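Biologist: I'd like a close look at how one pair of helices packs in this model, and then a walk from there through the other parts worth a stop. Keep it informal, please.

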Amino acid sequence: MLHVTKSSGLTADLIAIGVRDVTDATAVRAAYSTDASLYRVVPDAVAFPASTEELHACAALAAERGVPLTMRGAGTSIAGNAVGSGLVVDTSRHLNRVLSVDPEAGTAVVQPGVVQADLQSAAAPYGLRFGPDPSTSSRCTIGGMIGNNACGSRSLGYGRTSDNVLALRGVFGTGTPFDTAARAADGGPATAEERALVELAAGELALIRTRFGRFARQVSGYAMERLLPEHGRDVASFLVGSEGTLAVLSEATVRLVRPPAHRVLVALGFPDIVGAADATPAVLGFDPVACEGMDRRLVNILRAQRGDVVPPLPRGEAWLFVELADDDAGALRKRADRLAAEIDCLEATVVTDAAAMAALWGVRADGAGLAGRSPAGLPAYAGWEDAAVPPEGLGAYLREFDELTDSYGLTTSPYGHFGEGCVHVRLDLPLQRADGPQVLADFMAAAADLVVAHGGSLSGEHGDGRARSELLPRMFSPEVIRMFGEVKRICDPDVRLNPGVLVEPNALNADLRFPTPPSRSLGLAFAADGGDFAQAVHRCTGVGKCRADTSASGGVMCPSFQATRDELHSTRGRARLLQEMVNGTLVEEGWRSPEVHEALDLCLSCKGCASDCPTGTDMASMKAEVLYRSYRGRVRPRTHYTLGRLPSLLRLGRRIPGALAAGLRLADAVGPLKRLAGVDPRRSLPRPAPRAWAPDDVPTLDAVDLGSLDHPVLLLPDTFTTQFAPEVGDAAVAVLRDAGYTPVLPTDPVCCGLTLISTGQLDAARSTLASTARALAPAVEAGVPVVGLEPSCTAVLRHELPELVTGDRAAGLSAATTTLAGLLARTPGWTPPRLDGVEVVAQPHCHQHAILGWQPDADLLAATGAEVRPVGGCCGLAGNFGMEQGHYEVSTAVFGHDLGPALADRPDAVFLADGFSCRTQAADLAGRRGVHLAQLLASPRNHPLQPSRR
């Protein structure tokens, strides 16, 4: 998606020299004003070069105009390395190709915007991988990893990025193009800049040998040790970790490695995190690939945010996750057993199952997002994020660090790469106070002195950035600081590349992204944030998991980014716009701002971010609140009256026999009628059932004594089942009866108000939900479970109901509501039918994934013996979203990312989708008929639904 803005100034000049994808649009500048750090700097323009020539043109024009230039990949920088005034250049959109893989040499040539996980996918067919694996590997770029010298959990086995970069191409800040693999006639470096760097190091051998490369995670400053003769005077690895302050990179040749054939994870439990740190040197004697530490504080945050989803852990309050690898499975298991037996810990568990290992590593991988909330429940900020000390001193350092945070009244959730002495923390600094910036500065100075006293480094992998560059004189002597200045003078004498970082640094408490004043929610409660909309939008800390490819992750977030590859249309990009809206600076028109509505327009309200985002940033709820405030008491877009009030219109259409079906057939055949309703004319309208579902053999609440029934269950007759898919309701009744339940229906029609919520009609939604809670109260008060068939409606009763309606009735209904699989999973004595030999492509509904969970469905399907392939991502229809004009292309692109290919890959499989939207999208775009779980379970052993063609 291009954001070309033909205006005067920098953007116009870039367009004139052939940079085709560039913008100075307010919305995009806001989205790029911060990364995953505590800093906010609004750029003048953002460029997305489509070629090396365009990239070099950006650098040349910035130099000519005297404009600061900051390189950016995925924007996951925690130290403020990827924000800047002037021009920000994002390579992730176009310069993102793996140019070649040489399996014999064990190398790959990549562009800087290649996502690390994509490089792994390209190398995997050859049995190779790129060694460094930061927790953001699903979205971080190789260029960003080179900029910050990223390491990751397995750096014990594979080293840092600097250990795995063989050659670089690009242009220095002087404007000189370079290729570090090229050589001059005398065999030396090919450029004057490279020669000057080598000569500088040659004159400071003693200083460099005594102050640099003292332990593996000494990342702060420039990597002068790489220029030593004993390290081959390696300019390429020297540039790694220079944070974009010396050169603009256009291409990298990286080393690939062949990992051992077998892995095992040993989880060790300890009384506290200091005990885990003290045990680390002994663990290193077993030659681990990874040794990661964390304690109860991080686990408690995970449980508070997502419920009881933490895999079983050994007894203790802190843990080490130790990964061992070997080509010999037997030798590996013996080494793991010996480690578990010999390390002094409370309990040890050896994990060999791949899924169990992935679940444990998943807790660790989400650490950066989870730690965005402190143990005290307050926002926690990056800053003192990844300091490192030699591993043998880690326990002593952590003891004193806890004392330091206590003295400032701060709480933390430390975790990290204990095997290399690197610790990640977030701090609940009082930035909302007037003295907050000074508290930050004072603490950072004290923490720097502490880590230096332990022989450590201010940064262990993320670079110094804006957060720590000012502190470098506390770690290095004046002679070293002067040497850094000479490096900058050689490569970027005009200080145009990422100014304010490393050399001549900005104050660490300048340009902070302050918490904004409270903004009380008027629609949804935002209970987890105390009713404060501003606090809710600041949940986004920028870790960027919304940019991860759902095909690999199996999650849902963020379908619009998957379709557009546009930062503005990611969860993070939207959160940045909303942050700017509530602080009232860059986005000045508040809730009705065109920039805000542009960003939110392509949000599918899939709610994937509510669970997939490590910080729980729920953009669907935020969109509903924005629409509510924007249109409350005003004329709304026409789709709010048509699609937003669809349940009422459908019930109204049923009052005249045949009118609903005739009306929908006419509208489907006449494009202008669709346009009049705000529906894209390329969309087909669903056909209503001849009659609304109201089975004669299922009693209603007013006709029965619940106490006299055998295991009563209240079946929720949602609009889509009732009006379009009565066969789903019939199947559900049959399954419930087979499981020993007596289904009961509400006396009168009920509704969850989902379409009202998604269009921001929250007053009407509140009234609708309150009415539903009253109608179902007799069953809920009698302890009868409420089973929903349409996942989105079921999720509303679980999540939005208590956000909109207060009181015991709403809370009780929310707690009583479950899915069909959720009920069957806790039904003693019931077993599902056997479906051996049946192949199933299953699309978990986005709302179910986010709010209710799909694990009961997965377990039930496994028990049937069916071969099931769950599909990640969203179907793309997402209720009213895909029907609306202006959304068709994105809707179909989302379908084509995950679900479409999965259906094409298995043309004869049963397509299982509980969501009416999912079934409609597949039928519309792929001609595939979908079935509900109830239909699958109600079918006979010889399955009549295969193949599932419409």
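Modeller: Start with helix 10 (residues 273-284) and helix 15 (residues 394-407): in this predicted model, their axes come within 7 Å and cross at roughly 160°. Angles over 145 degrees count as roughly antiparallel, and that makes helix 10 roughly antiparallel to helix 15. Who is touching whom? On the helix 10 side you'll find Ile273, Val274, Ala277 and Asp278, and they meet Leu394, Gly395, Ala396, Leu398 and Arg399 of helix 15. Sort the residues of this contact by class and you get six nonpolar, one polar and two charged.

Why bother with both numbers? Two packed helices are described by the angle between their axes and the distance between the axes. Now try the same two numbers on another pair, helix 41 (residues 888-895) and helix 43 (residues 916-926): here the angle is about 95° and the axes are 11 Å apart. That makes helix 41 roughly perpendicular to helix 43. Helix 41 brings Tyr888, Ser891, Thr892 and Phe895 to the contact, while helix 43 brings Gln921, Ala922, Leu925 and Ala926. The class count for this pair is five nonpolar, three polar and no charged residues.

Stay with helix 43 for a moment. How many of its 11 residues are buried? Eight are, so helix 43 is largely enclosed by the rest of the structure. The buried ones are Phe916, Ser917, Cys918, Arg919, Thr920, Gln921, Ala922 and Ala923. You've met Gln921 and Ala922 already, in the contact with helix 41. As for what lies over these buried residues, the cover includes helix 31, helix 32 (726-738), helix 41, helix 42 (899-905), strand 22 (910-912) and strand 23. Right after helix 43 comes Gly927, and its phi is positive, near 65°.

Two strands from that cover lead us to a sheet. Four strands form this open sheet, in the order 21-20-22-23, and the pairing is parallel. At the edges sit strand 21 (867-870) and strand 23 (930-931), each pairing on one side only. Strand 20 (residues 839-842) runs parallel to strand 21, and four bridges join the two. If you want a spot to click on, Ala842 stands opposite Pro870 in strand 21.

Helix 31 showed up in that cover too, and you'll see it again at helix 28 (residues 646-653). Which residues of helix 28 are buried? They are Pro647, Leu650 and Gly653. An α-helix has 3.6 residues a turn, so residues three or four places apart point the same way. Fittingly, the buried residues of helix 28 cover an arc of only 125° around the axis, which puts them on the same side of the helix. Their cover includes helix 29 (659-669), helix 31 (719-723) and helix 33 (754-758).

Next, zoom in on Ala624 in helix 26 (residues 619-631). Buried means under 20% relative accessible area, so Ala624, at 2%, counts as buried. Setting aside neighbours within four places in sequence, Ala624 is in contact with Leu524, Ile757, Gly760 and Leu762. Thr759 is 135 residues away along the chain, yet its C-alpha atom and that of Ala624 are separated by 6.3 Å.

Now for some loops. A cis peptide bond joins Met557 and Cys558, with omega at about -5°. Cys558 sits in the loop between helix 21 (550-553) and helix 22 (559-564). Follow helix 22 onward and you reach Arg565, in the loop between helix 22 and helix 23 (571-583). Its phi is near 55°, a positive value in a residue other than glycine. Ser605, in the loop between helix 24 (594-601) and helix 25 (608-612), also has a positive phi, near 55°. Buried or exposed, then? Arg565 is partly exposed, at 36% relative accessible area, whereas Ser605 is buried, at 13%.

One last loop, the one between helix 8 (205-211) and helix 9 (235-239), holds Arg226. At 14% relative accessibility, Arg226 counts as buried. Leave aside neighbours within four places in sequence, and its contacts are Arg160, Ser162, Asp163, His231, Arg233, Asp234, Ser237 and Phe238.

Conventions: Residues numbered from 1 in each chain as written. Predicted model: local features only at pLDDT ≥ 70, side-chain atom pairs only at ≥ 80, totals over all residues. Heavy atoms only, no water. Buried < 20%, exposed > 50% of the residue type's maximum accessible area, 1.4 Å probe, protein only. Contact = heavy atoms within 4.5 Å. Pairing = 2+ DSSP bridges. Axes fitted to C-alpha atoms, helices over the stretch in contact; angles between N-to-C directions. Parallel < 35°, antiparallel > 145°, perpendicular 65-115°, else oblique. Nonpolar A, V, L, I, M, F, W, Y, C, P; charged D, E, K, R; others polar. Arc of directions from axis to C-beta.
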